[in-house]
Amino acid sequence: MSSLLSARSGARTISSVGGALCGVRGGVARRFIVDMSYSAHFMDFKGSSIASSMKKLVVNKLSPNFREAVSVQTVAVPTPGDADLLVRNRFVGINASDINYSAGRYDPSVKPPFDAGFEGVGEVVGLGLSASSRYTVGDAVAYFGSGAFAEYTVVPAKESVPVPAARPEFLALLLSGATAHIALKRLGDLAEGETVLVTAAAGGTGQFAVQLAKRAGCHVVGTCSSDEKAGFLKSLGCDRPINYRAEDLAKTLRREYPRGLDVVYESVGGGVFELALNSLADKGRLIVIGFISGYQTASGIPPLRAATLPVKLLQRSASIRGFFLPHFLSDYKEAVGSMMQMFAEGKLVCEVDCGDLAQEGRFVGLESIFRAVDYMYAGKNLGKVVVEVAPPSVSNSKL
Ligand SMILES: NC(=O)c1ccc[n+]([C@@H]2O[C@H](COP(=O)([O-])OP(=O)(O)OC[C@H]3O[C@@H](n4cnc5c(N)ncnc54)[C@H](OP(=O)(O)O)[C@@H]3O)[C@@H](O)[C@H]2O)c1
C-alpha cells in the first residue's frame with residue numbers, strides 16, 4: 001500500500017493573491033502575500049468541539065509484535081491542508097496486516113516513528129478550501145490511508161469516500177470488501193457451478209468472498225475455527241463450512257471434492273496453502289490473498305515446500321495468482337460502489353465484530369486496539385474487527 005500509506009502532514013499553504021488584493025503604498029504598487037490557510041476558518045464551525053490535543057498510535061520500533069512495536073502518544077490535533085479533511089474517527093478497522101506494517105514490511109525505507117492504522121470512518125470536523133468544494137463539516141466519510149489509529153486523522157479529500165453515516169459496516173466494505181470483490185472479479189474468472197474454497201472464511205475479507213462467490217453461482221466451501229463461525233458461514237449461504245478444529249480439512253476435501261477446487265481465495269498460507277494447491281482441479285486458480293499464519297514470525301513468511309510447484313501447476317494447467325489491493329486501484333471505485341449498493345439493498349451481509357463478546361469487553365477507545373489485534377490473532381473474530389474510537393458527536397445526526 002506504499003502510495004496510499006505515505007505519511008501525510010497538515011501543512012498550511014501560503015498563497016499569493018493578485019488583482020483585488022494588490023495594495024498601493026507611496027505610489028508603488030505592492031503585492032500582498034496573504035496567508036490563505038483557509039483550513040483554520042473551516043474548522044469546527046458547527047461547534048464540534050475539537051480538542052487541542054489527541055491520542056494516536058505510533059510505531060516506535062519495528063516488530064510484528066504489535067504491543068512491542070506500538071505506543072500511544074499525545075500530540076496536537078493536526079490542521080488539514082487546502083485539499084484535506086480533518087476526520088474525527090468514530091470507528092477504525094483492524095487488519096491482519098497491521099502487524100506487517102508495524103514490522104516495517106510494507107516499505108523497508110520508512111523508519112520509525114510512523115503512524116499506525118489503515119482505515120477509518122468518521123465525521124469531517126475541519127477542511128481546507130479546495131476540499132470544501134466536495135465536503136462540509138459534519139459529513140460522514142470513510143477512508144483508507146496511513147494514521148487511522150488516532151482520534152483525528154488528516155485525509156486527502158480525494159482519497160475519502162462519502163458514506164451515508166459513520167457506521168462500521170461502511171468501513172468494512174472499503175478494504176476487506178473491495179479486496180474480495182476485485183480479486184474474485186479480476187483473478188477468479190468464476191463460472192457458474194464451479195467450486196470455490198475460501199480460507200479464513202468468517203473473517204473480515206473472507207465473509208465477502210463467500211457471498212460474492214455464491215452470487216456468481218458457485219458452490220462455496222469455507223474454512224473456520226469454530227462451530228459458531230461455521231453457523232455464521234451457513235447463514236451467508238456457504239454450502240460447506242468446515243470447522244478445521246472439528247474436522248480434518250485435507251480428508252474432508254479429498255472425500256467430498258474428489259474432482260478438486262476450481263478457485264481458492266487463500267489467506268492463511270503455509271500448510272493451508274499447500275493443501276489448497278494440492279486440491280486444485282484441472283485449470284484451477286489459487287488466489288494468494290495473504291499468509292496470516294506467518295505474519296507473527298520474524299520473517300513474516302510461513303515455510304513452504306515449493307520444489308514440486310512447477311510440476312503441480314503443469315500437470316493440472318493450474319495457476320497461482322497474487323493479489324494486492326493497491327495494484328488494482330483503477331477497479332476500486334466501481335467495486336466499492338457496487339458493494340455499497342448491494343449493502344443498501346440488503347443483498348450483502350457485512351458483519352462487524354466490536355469485541356462485545358471479548359474477554360475484557362467491547363473495543364472502545366484507542367487503547368483497545370491492542371486487544372483487538374490480539375483477538376484477531378487468537379482467531380476469535382466473527383466478521384470484520386472494528387474498534388469504536390469515539391462516541392457519536394451530539395452535533396451531528398448522521399453519526
Ligand atoms: N492482498 C490484499 O490486498 C489484502 C487485503 C486485505 C486483507 N488481506 C489478507 O486477508 C487475510 C485476512 O485478513 P483480515 O484482515 O480480513 O483478517 P480476518 O480474516 O478478519 O482475521 C483473520 C482470521 O485468520 C485466522 N487466523 C488468525 N490468526 C491466524 C494464524 N496465526 N494462523 C492461521 N489463521 C489465523 C482466523 O480465522 P479462523 O480462526 O476462523 O481460521 C482469523 O479470524 C490476511 O491474510 C490478510 O493479509 C489481503
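Start by selecting helix 8, which gives three residues, the largest share, to the shell around the ligand. Helices here are DSSP runs of H or I with at least four residues, strands are runs of E with at least two, and both are numbered from the N terminus. What you have open is a predicted model, in which local features need pLDDT of at least 70 and side-chain atom pairs count only at pLDDT 80 or more, while totals for chains, interfaces and linings use all residues. Residues are numbered from 1 along each chain as its sequence is written, and side-chain values use heavy atoms, with hydrogens and water left out.

**The ligand and its shell**

Now select the ligand and everything near it (a residue is near if one of its heavy atoms lies within 4 Å). You should find 28 residues, the closest being Gly 204, Ser 225, Tyr 244, Tyr 295 and Asn 381. Colour them by class and you get 15 nonpolar, 12 polar and one charged. For that count, Ala, Val, Leu, Ile, Met, Phe, Trp, Tyr, Cys and Pro are nonpolar, Asp, Glu, Lys and Arg are charged, and the others, Gly among them, are polar.

Next, pick out three atom pairs. A polar side-chain atom of Asn 381 lies 2.5 Å from an oxygen atom of the ligand. Another ligand oxygen distance to display is the 2.7 Å to a backbone N or O atom of Gly 204. At Ile 289, a polar backbone atom is 3.0 Å from a nitrogen atom of the ligand. Switch on the surface: of the 910 Å² of accessible area that the ligand has on its own, the protein covers 91% (Shrake-Rupley method, 1.4 Å probe; for residues, only the protein chains shown count as cover). Helix 3 (168–188), helix 8 (292–295) and helix 11 (369–377) are the elements that give two or more residues to this shell.

Where does the ligand lie relative to domain 2 and domain 3? Colour domain 2 (39–168 + 357–388) and domain 3 (173–344): both give residues to the shell, so the ligand lies between them. The domain bounds come from an automatic or database domain assignment.

**Aromatic stops**

Stay with Tyr 295, which is buried at 8% relative accessibility, and add Phe 291, which is partly exposed at 33%. Buried means under 20% relative accessible area, exposed over 50%, and partly exposed in between (1.4 Å probe, protein chains only). Phe 291 and Tyr 295 form an edge-to-face aromatic pair, 5.5 Å centre to centre with 75° between the planes. Rings of Phe, Tyr and Trp (its six-membered ring) pair if their centres lie within 6.5 Å; planes under 30 degrees apart are stacked, over 60 edge-to-face, and the rest tilted. The whole structure has 12 aromatic pairs. For a group of rings, select Tyr 101, Tyr 106, Phe 114, Phe 118 and Phe 324, which form one aromatic cluster.

**Backbone stops**

Go to Pro 113, in the loop between helix 2 (98–102) and strand 8 (114–115). The peptide bond leading from Pro 112 to Pro 113 is cis, with omega near 5°.

Then visit Ala 200, in the loop between strand 13 (195–198) and helix 4 (206–215). Ala 200 is not a glycine, yet has a positive phi of about 50°. Finish at Lys 283 in strand 17 (residues 280–288), another non-glycine with a positive phi, about 65°. Buried or exposed: which is Lys 283? Lys 283 is exposed, with a relative accessible area of 60%.

Conventions:
A polar contact is a pair of N or O atoms within 3.5 Å; within protein, one must be able to donate a hydrogen and the other to accept it, and residues adjacent in sequence count only if both atoms are side-chain atoms.
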